[in-house]
Amino acid sequence: MNHYETVFILSPVLSADQTKETVDKFTGMITDNGGTVVNKEEWGQRKLAYPIKRLSAGYYVFVEFDAEGDFVDKLEVNYRRDDNVIRFLTFKQDKFAHEYAEKRRKIRSGKTEGSAAAAAENAEGSAEVEANVEQ
């Protein structure tokens, strides 16, 4: 199995349900064809650098997955057929990119856990300060 990552941009006029349905369709396609989704990040709606199909914004989705080499062609054909996808890019990760992606995932997961712990500590600290002020 090869390591891939893909970014696709969805039309900004889609509702939240339609966006979720389209993202689930493509991640489901990966798993249905023997691949595994390693990481999925929805970056949300962002402004495009230049208009595409007269649209100035798009909903970005980033997916890292492991799959066989011939599957990428099927995935890209489905991107082209779907009117909700306005742009996409898929590439195979070499060993260095794969190592970097693993480190990036670990750092991001540490930040989310660390930020939750820090928020809890700040909440406890502010509760203690408020208790001291009231006395």
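**Notebook: Ala57 and strand β3**

I began at the hairpin: β2 and β3 form it with 2 residues between them. In the turn I found Lys53, which has a positive phi of about 50°. A reminder to myself: this is a predicted model.

Next I looked at how the two arms of the hairpin are joined. Strand β2 covers residues 36–52, and 11 bridges link it to β3 in an antiparallel arrangement. I picked out one pair here: Gln45 is the bridge partner of Tyr59 in β3.

Then I checked for another neighbour of β3. Strand β1 (residues 2–10) pairs with β3 too, in the antiparallel sense, over 9 bridges. On this side I noted Phe8, which stands opposite Val61 in β3.

With strands on my list, I asked how enclosed β3 is. I found that 12 of its 13 residues are buried, so β3 is largely enclosed by the rest of the structure.

Now for my chosen residue, Ala57, which lies in strand β3 (residues 55–67). Is Ala57 buried or exposed? Its relative accessibility is 16%, so Ala57 counts as buried, the cut-off being under 20%.

Which residues does Ala57 touch, leaving out those up to four places away in sequence? I listed Pro12, Gln45, Arg46, Lys47, Leu48 and Ile86. Of these, Gln45 was already in my notes as the bridge partner of Tyr59.

Last, I followed up Pro12. Pro12 and Ala57 are 45 residues apart along the chain, yet their C-alpha atoms are separated by 6.2 Å. I enjoyed that one!

How values were computed: Residues are numbered from 1 along each chain as its sequence is written. This is a predicted model: local features need pLDDT of at least 70, side-chain atom pairs count only at pLDDT 80 or more; totals for chains, interfaces and linings use all residues. Side-chain values use heavy atoms; hydrogens and water are left out. Helices (H or I, at least four residues) and strands (E, at least two) are DSSP runs, numbered from the N terminus. Buried means under 20% relative accessible area, exposed over 50%, partly exposed in between (1.4 Å probe, protein chains only). Contact means heavy atoms within 4.5 Å. Two strands pair if DSSP finds at least two bridges between them.
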